Protein chains: 2
Amino acid sequence: MLDVTLCGTGGTTPRIDRHLSSAYLRFDGHGLLIDCGEGTQIAVKKAGMSLGKIGTILLTHFHGDHVAGLPGLLLTMGNEGRKEKVTIAGPKGVAEIVKALTVCAQELPFSIECVPMADFDTLTYKDFSVTAFEVYHTCPCLGYDIRISRAGRFDPDKAKANGIPVKLWKTLQQGIPVDGFTPDMVMGESRRGLHVTYATDTRPTDMIATMATDADLLITEAMFGEEKKENRAKETCHMTLPEACGIAKEAMPKRLWLTHYSPSMPEPELYAETLEKLWPGGKLGYDGMTETLRFEE
Amino acid sequence: MLDVTLCGTGGTTPRIDRHLSSAYLRFDGHGLLIDCGEGTQIAVKKAGMSLGKIGTILLTHFHGDHVAGLPGLLLTMGNEGRKEKVTIAGPKGVAEIVKALTVCAQELPFSIECVPMADFDTLTYKDFSVTAFEVYHTCPCLGYDIRISRAGRFDPDKAKANGIPVKLWKTLQQGIPVDGFTPDMVMGESRRGLHVTYATDTRPTDMIATMATDADLLITEAMFGEEKKENRAKETCHMTLPEACGIAKEAMPKRLWLTHYSPSMPEPELYAETLEKLWPGGKLGYDGMTETLRFEE
């Protein structure tokens, strides 16, 4: 099962009552963090998630509200005893940004590997497979399509048909090749896994809908609640809530969560009725909102 | 009158219930901020102080818990419409640190002037006169001695004795030289002003006591509450509460406030009795603590 948490849901500037937008995905005890604005380390803790389990941080882009929390978060991870490498992925230039920001975090007890991501690059971290895709903002900005695959069931008939000795079945079932036999010789068709698409700080694009097609969850932005703010959204390369719903109508994800609200929108819940009309079941994200996604039976 | 506010009182790592240590001094509508760790912009707002009025930021040193909030704070000041220059003072290298951290805050609508400060350098900002002094930490670190001067009263007898025409009295009283006469020719002896000494992230030093002698307020650190933590304090170049009181005993400030608590000390108020014994009237700082210091009548 995959726990997905919105640690913060604010854009541009933190509010006293709202942290900057970030998301935490946890699968099999491993954490993947998306974005790290100022205060994210506190938002993660408030949400009950573990800083120490974050192995990979995905940065959508390098505006302050998405990266300025990095030095503090890394320092606290170090103070709490992390020793293992942390991977930080983001658009081209990620290494330079991380180097600059960590000028005040010089003595970390773990290494950092920076991975610049271009359109459709994929990286894997434990069970997560992450594909970056370009979105449309005022600077280079990436969305992330995150998948957790699920192997097929063990198929004894197939194992027998392939003439595999019974004593090797368990090893092959564990995914380990042995004596010239390979796991696919004992396993059925792979099954539907889990699929989360994340895209904020962007105008609506066809690629967001393409990536989120049939996703278990699309997390995207609703910087502005009202349709009449569309011009402002265009100017700042953000989206309105109706525009976000337009993407959902194309992609048909199982769930839609909205986040990254303008600081001028203190009560996103005022738009709950609009959302329910445009995309029934869609959710207005809030700090600490969490859901566990499970494999289909 | 001078309003002094501790926006945050934590050291090393922010806690959910405690911001990192920073102080805000406000005099005649102008704000001076000391230190800017992650979350300081929120701590300032929670304390009811204005980000837009901050004209000078004093950095004690460049550890993350004292500077990582700079890009976010500056960005929000910009978003809120600040146009006037902001001065950022700190130890040698301040310009390089600010340049690195603002890599994610590239389009500020105001300029930043960085002022490297050495031992006993003084800078002025509006009515504030700030003298830096070296303290003893694991890296170069400054304390700040802040004074607000107070002119003498207008002295009509002195003005007459100096043969100054009555029509020039008002101008000279406003501190403006006119017709070859100077303001000191109409003013009495200057009076006692206000004096605040700030020193955190340091072992006890004689210079802190020298600077804080007879101060209206000494703000210093009590990273650890108990005397038995003195070895830990020595290792990390911090102070215990009894050591802070030792400085007060030498300096005899009118007020003593303690701040910059270890994250492992969730309840500083447990040491209230110890403080009252060692330095009666001393105060354990807390986020948002504020007091107005007034000129003597």
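Start by colouring chain A by burial: buried residues make up 49% of its 297 residues. Keep in mind as you go that this is a predicted model.

**Stop 1: the whole of chain A**

Show chain A as a cartoon and you will find ten helices and 14 strands. Turn the C-alpha trace along its principal axes, and the spans are about 65 × 50 × 30 Å. The radius of gyration of chain A is 21 Å, which agrees with the value near 19 Å that a compact globule of 297 residues would have. If you draw the contacts with a separation of 6 or more in chain A, 65% of them link residues 24 or more positions apart.

**Stop 2: helix 3 of chain A**

Now select residues 70–79 of chain A. Is this helix enclosed or open? Eight of its ten residues are buried, so helix 3 of chain A is largely enclosed by the rest of the structure. To see them, show side chains for Leu70(A), Pro71(A), Gly72(A), Leu73(A), Leu74(A), Leu75(A), Thr76(A) and Met77(A).

What surrounds these buried residues? Within chain A they pack against helix 1 (40–46), strand 4 (54–58), helix 2 (64–67) and helix 4 (94–101). Bring chain B into view as well, since helix 2 (64–67) of chain B also belongs to this packing. Then step just past the end of helix 3 of chain A to Gly81(A), which takes a positive phi of about 105°.

**Stop 3: helix 3 of chain B**

Move to residues 70–79 of chain B. Here, too, eight of the ten residues are buried, so helix 3 of chain B is largely enclosed by the rest of the structure. Its buried residues include Leu70(B), Leu74(B) and Met77(B). They pack against helix 2 of chain A, together with helix 1 (40–46), strand 4 (54–58), helix 2 and helix 4 (94–101) of chain B. Just after this helix, Gly81(B) has a positive phi of about 105°.

**Stop 4: a sheet in chain A**

Return to chain A and pick out strands 7 to 13. Seven strands form an open sheet here, in the order 7-8-9-10-11-12-13, with mixed pairing. At its edges are strand 7 (122–125) and strand 13 (283–284) of chain A, each pairing on one side only.

Zoom in on strand 9 (residues 142–150) and strand 10 (residues 191–199) of chain A: they run antiparallel and are joined by six bridges. Label Ile148(A), and you will find it opposite Leu194(A) in strand 10 of chain A.

For a last view, add helix 9 (residues 241–251) of chain A, which lies across strand 11 (217–221) and strand 12 (256–259) of chain A. Helix 9 of chain A runs at about 155° to strand 11 of chain A.

How values were computed
Residues numbered from 1 in each chain as written. Chains lettered and ligands numbered in written order. Predicted model: local features only at pLDDT ≥ 70, side-chain atom pairs only at ≥ 80, totals over all residues. Helix = DSSP H or I, 4+ residues; strand = E, 2+ residues; numbered from the N terminus. Rg over C-alpha atoms; globule rule 2.2 N^0.38 Å. Buried ≥ 20, exposed ≤ 12 C-beta atoms within 10 Å, placed from the backbone. Contact = placed C-beta atoms within 7 Å. Pairing = 2+ DSSP bridges. Axes fitted to C-alpha atoms, helices over the stretch in contact; angles between N-to-C directions.
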